[in-house]
Amino acid sequence: HFQPSTQSMLLLACLPAFTAPLGTASDPLVDPLAWSSPQGGRQGACRTAKGSKGTFTLATWETTQNGCMTACMAQASCVAFEYGTVGPTGARKTYTVCELHTEEIGKSNPVPGFVCYIKNQAALPPLPPAIAGCVGAEISTKCACCPFVGPGVELAQTMCFDLRNADFRGVNLEGANLQGADFSCANFDRANVIGVVLRNVVGKGSTWRGAKAEGLYMQDADLEAADFTGAQLSSAKAEHSILRDAKFDHANVDGAVFYDTDLTGASYANTKAMHAAEFTMTTGSNQASAGLPTSGNKSGR
């Protein structure tokens with residue numbers, strides 16, 4: 001990995017910025033509930049209200065925007081992060097920079113290739129009460145395999161599957177294939193897990209509250225006591241899986257399919273679009289009292 005010296009850092013900072021598109025407030029990598037653009041909604045380099053760069057630490061070079069955001073989320077003192085690419089225009093090699101800001105950010109300087117996002121502390125959900133198996137477990141962004149997880153990743157290619165106690169709150173994981181992972185007691189609250197594949201996984205006590213989980217696919221998954229409160233689970237699918245004592249309160253299950261899945265003790269308080277979900281060959285779902293629709297035998301994906 002590139003390890004810049006102080007001199008090279010100063011030199012790169014003076015070079016013309018790589019002309020990547022400006023970030024926008026609708027950046028798909030960023031949860032709008034957890035992060036906001038500087039005043040005025042314009043993107044670029046972070047600046048204080050007086051126009052200075054403020055106080056920050058250089059987290060790492062050659063990281064990703066998702067990694068920079070996760071690093072800021074993990075530090076209570078971090079109030080905003082800046083991410084961008086530096087290097088001469090047209091150069092074969094450019095470098096990414098991540099700044100973790102600890103001084104209040106009031107605006108941005110429109111620098112091409114850079115984005116600045118302010119952490120919305122009030123928007124992050126508090127940690128839910130831990131289930132018995134997760135009591136005392138402290139979630140962290142520094143779990144063994146956390147550095148390998150991101151949008152579209154094929155976790156099997158990394159040969160690293162330990163995501164226990166991981167903190168992925170507000171992180172973008174869209175399209176990731178987490179086959180074989182153990183994410184017991186992990187937190188995915190308000191994360192973007194659209195189209196994520198959970199095949200042959202263990203995720204007991206994991207939380208997914210308010211997650212964007214459309215098309216989430218669970219097969220041979222043990223998600224006992226998982227909390228999907230308020231999650232968007234439209235078109236999600238669970239087959240041959242364990243969802244005992246799972247919570248679907250206030251979740252949207254429009255078009256979701258549960259096939260040959262153990263739902264013993266699951267709760268559905270104020271669950272949305274229950275009439276449009278399918279429960280086939282499920283056990284313990286107490287369909288009659290919960291008012292759940294049933295369907296004939298249907299094969300899974």
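Trainee: Does Tyr-268 count as buried or exposed?
Mentor: Tyr-268 counts as buried, because its relative accessibility is 15% and the cut-off for buried is under 20%. Keep in mind that this is a predicted model.

Trainee: Which residue does Tyr-268 form an aromatic pair with, Phe-248 being buried too?
Mentor: The question holds half of the reply. The rings of Phe-248 and Tyr-268 form a stacked pair, 5.8 Å centre to centre with 5° between the planes.

Trainee: Where do the two residues of that pair sit in the chain?
Mentor: Phe-248 is in the loop between strand 10 and strand 11, and Tyr-268 is in the loop between strand 11 and strand 12 (278–280). They are 20 residues apart, so the pair links distant parts of the chain.

Trainee: And how buried is Phe-248, as a relative accessible area?
Mentor: Its relative accessible area is 3%, so Phe-248 is buried.

Trainee: How many aromatic pairs does the structure hold?
Mentor: Twelve. One of them joins Phe-248 and Phe-258, with ring centres 5.7 Å apart. Their planes stand at 80°, so this pair is edge-to-face.

Trainee: What does the pair of Phe-248 and Phe-258 tie together?
Mentor: Phe-248 lies in the loop between strand 10 (237–239) and strand 11 (257–259), while Phe-258 lies in strand 11 itself, so the pair ties together parts ten residues apart in sequence. Both residues are buried.

Trainee: Which residues do ring pairs link into a cluster?
Mentor: The cluster includes Phe-248, Phe-258 and Tyr-268. Among the other members are Trp-208, Phe-228 and Phe-279.

Trainee: New topic. Where does Thr-207 lie?
Mentor: In the loop between strand 8 (197–199) and strand 9 (217–219). Thr-207 has a relative accessible area of 7%, so this residue is buried.

Trainee: What joins the side chains of Thr-207 and Asp-189?
Mentor: A polar contact of 2.9 Å.

Trainee: Now strand 7. How many of its residues are buried?
Mentor: Six of its six, over residues 114–119. Phe-114, Cys-116 and Ile-118 are on one side, with Val-115, Tyr-117 and Lys-119 on the other, and both faces are covered.

Trainee: In which sense do strand 4 and strand 7 pair, and over how many bridges?
Mentor: Strand 4 (residues 80–86) pairs with strand 7 in the antiparallel sense over five bridges. Tyr-83 stands opposite Val-115 in strand 7.

Trainee: Over how many bridges do strand 1 and strand 7 pair?
Mentor: Two, in the antiparallel sense, with strand 1 covering residues 35–36. Ser-36 stands opposite Ile-118 in strand 7.

Definitions and conventions. Residues numbered from 1 in each chain as written. Predicted model: local features only at pLDDT ≥ 70, side-chain atom pairs only at ≥ 80, totals over all residues. Heavy atoms only, no water. Helix = DSSP H or I, 4+ residues; strand = E, 2+ residues; numbered from the N terminus. Buried < 20%, exposed > 50% of the residue type's maximum accessible area, 1.4 Å probe, protein only. Polar contact = N/O pair within 3.5 Å; in protein donor to acceptor, adjacent residues only side chain to side chain. Phe/Tyr/Trp six-rings, centres within 6.5 Å; stacked < 30°, edge-to-face > 60°. Pairing = 2+ DSSP bridges.
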